[in-house]
Amino acid sequence: MASTLESTAEKLSTLGINGDFSSSSPNLQKNFHLLSPHQIELAKTLLELGQTHLFEHWAEPGVADDEKKAFFDQVARLNSSYPDGLESYIKTARELLADSKAGRNPFDGFTPSVPTGDVLTFGDDNFIKFEETGIREAQKAAFVLVAGGLGERLGYNGIKVALPRETTTGTCFLQHYIESILALQEASHSLAQGEVQKKIPFVIMTSDDTHSHTIHLLESNSYFGMEPTQVKLLKQEKVACLDDNEARLAVDPHNKYRIQTKPHGHGDVHSLLYSSGLLNVWRDAGLRWVLFFQDTNGLLFNAIPAAIGVSATRQYHVNSLAVPRKAKEAIGGITRLTHVDGRTMVINVEYNQLDPLLRATGHPDGDVNGETGFSPFPGNINQLILELGPYIEELTKTKGGIKEFVNPKYKDASKTSFKSSTRLECMMQDYPKTLPPIARVGFTVMDTWLAYAPVKNNPDDAAKVPKGNPYHSATSGEMAIYRANSLILRKAGVQVADPVQEVFNGQEVEVWPRVTWKPKWALTYSDIKRKINGNCSISQRSTMVIKGRNVFVEDLSLDGALVIDAIEDAEVKVGGSVQNKGWILEKVDYKDTSIPEELRIRGFRVEKVEELEKNYTEPGKFSLKPLRVKSTHQVT
């Protein structure tokens, strides 16, 4: 025992820790001999930061020694994964908790105004020009998917990116995203004459909850056609929970040798990219853009080409994708804030903060609709396009740290204690908060029907949404895809029948023809216009699925289900009259556990009664022009 005490004393002396200091936590002092010099340094840091309570319950040496070592392994992870370590985390927490207790408004001294941006109209000459520019620029882009969440809030126990985007084909969100990036890669290369094709990098930010499931989804599906070397997974760590206004770290209620942790928020994506070294690799490879997007917006890639085009044309350092927003609608508004000291920033301001901020700064009516029928502050949809060079410069200063916030739930008005532990949080879209005034920050607005249909609410919550407001459920998300595709075809001249109203899972939705296509068939409006010709019509009860790249639709009358697939070297012209019993939507009870979750949360499943399905597996030119063809499955 004497040698152990001597060894401990020698370690403490070497590290400059005197007896008085270590005696502030006698239980820890007794166990110092278990710890490495690095772990003792971490212990010293915790004691200096007023965290002696973490060791009050520690047992005598020889009891739970492995747990004690594991505790410091966790502390080391928490320290290394946060910019400038735990000391910075606790210092920031104390400042933000003090502000919260005092009721300080983070927008004090700021005046809101409408920032600079582009409002695009789908299909007009301006939109087509931006799409073409965006396709050219796409091979200079990297894509970053923030996918740290499970689908529990949706009533689905898997990872959200594994959910079917739509059930006509069963294509999951991750597959659609990868196929869209590959289609962009191919289209961009075809416009870059003589250049070697560049592989567009794809990063997925995961969490402890989603990491292994994401790997399994990719590997079991051969990365959905993408080269595995193009895909990088970056796993975010959680942050320590806080027990009180002094930022005392919370002990895990289930294990006294662990600190309780919770997610830090998707703002971690910036620090992960910075620490990974990928940004410099991309810069050296000649890339110019980084696109950030979230996990379950099935319409997003309708907006990507034109949005990249806006970024390139306007030379934006930051371009926030946005949609028209009704005044006081529950979606944040893109806002320019100017401080009395001259500072300016263009950021997302949450809807419940924007209206009172306007009222407090000379706008007595607050957030109101303008002549367009919408608020002048466009709705933020959390999809960002950043220019890589300025992005690297900024992260070099901040190490990827994003301005944080804290949202404690107090027990009472005294604000002296919490109902449960809290933590610091950060959001991806708050990146512009630290940018200098010279930064070029703008936005691109596109119609909601074209660009935004997130899936984030379960059937119960969606059914409670006031009529006229978006459900943001799996039901509405799938129907939005059919609506968008039908409206795009209408714009291109196809006679698409009007939708009918149906109720699924307590949600009244428009049911359009179930039209869907692979991204390689058409990425832009110009692609659609080039591949649709003549007098085409699609009835409301119809389903059309196009899987091949070189499929051309001409003088087609569709009343039923039509599925066309073709290899790359097969060119197929589809026309004539197709009529069959088709595919119908059968209602299901979302509480019926015999039905798969991914169908239950929609309230319907596709019953494939009858269809015309053709699969062209040989190279060549083919024509399909039937006269009222009934159900058939053929491989050509």
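A residue is called buried when its relative accessible area is under 20%, exposed when over 50%, and partly exposed in between (1.4 Å probe, protein chains only). By this measure, buried residues make up 52% of the 636 residues in the protein chain. The structure is a predicted model, in which local features need pLDDT of at least 70 and side-chain atom pairs count only at pLDDT 80 or more, while totals for chains, interfaces and linings use all residues. Residues are numbered from 1 along each chain as its sequence is written, and side-chain values use heavy atoms, with hydrogens and water left out.

**Overall form**

The protein chain contains 19 helices and 31 strands; these are DSSP runs, with helices (H or I) of at least four residues and strands (E) of at least two, numbered from the N terminus. Its C-alpha atoms fill a box of roughly 95 × 60 × 55 Å along the principal axes. Among contacts (heavy atoms within 4.5 Å) between residues at least 6 apart in sequence, 69% join residues at least 24 apart.

**A buried histidine**

His270 lies in helix H10, which covers residues 268-276. This residue is buried, with a relative accessible area of 0%. Leaving aside residues up to four places away in sequence, His270 touches several others, among them Phe292, Leu386, Tyr391 and Met428.

**Salt bridges**

Side chains of opposite charge can pair when their charged atoms come close. A salt bridge is counted when a side-chain nitrogen of Lys or Arg is within 4 Å of a carboxyl oxygen of Asp or Glu. This rule gives 34 salt bridges. Three examples follow.

| Pair | N to O distance |
|---|---|
| Lys140 and Glu137 | 3.4 Å |
| Arg325 and Asp367 | 2.6 Å |
| Lys587 and Glu502 | 3.8 Å |

The pair of Arg325 and Asp367 links distant parts of the chain, 42 residues apart: Arg325 is in the loop between strands E9 (318-323) and E10 (333-339), and Asp367 is in the loop between helix H13 (351-359) and strand E12 (379-387). Both Arg325 and Asp367 are buried.

Lys587 and Glu502 also belong to distant parts of the chain, 85 residues apart, with Lys587 in strand E26 (residues 583-587) and Glu502 in strand E17 (residues 500-504). Lys587 is partly exposed at 49% relative accessibility, and Glu502 is partly exposed at 30%.

Salt bridges with shared partners join Glu137, Lys140, Arg288 and Glu387 into one network. Within this network, Lys140 is partly exposed at 28% relative accessibility, whereas Glu137 is buried at 11%.
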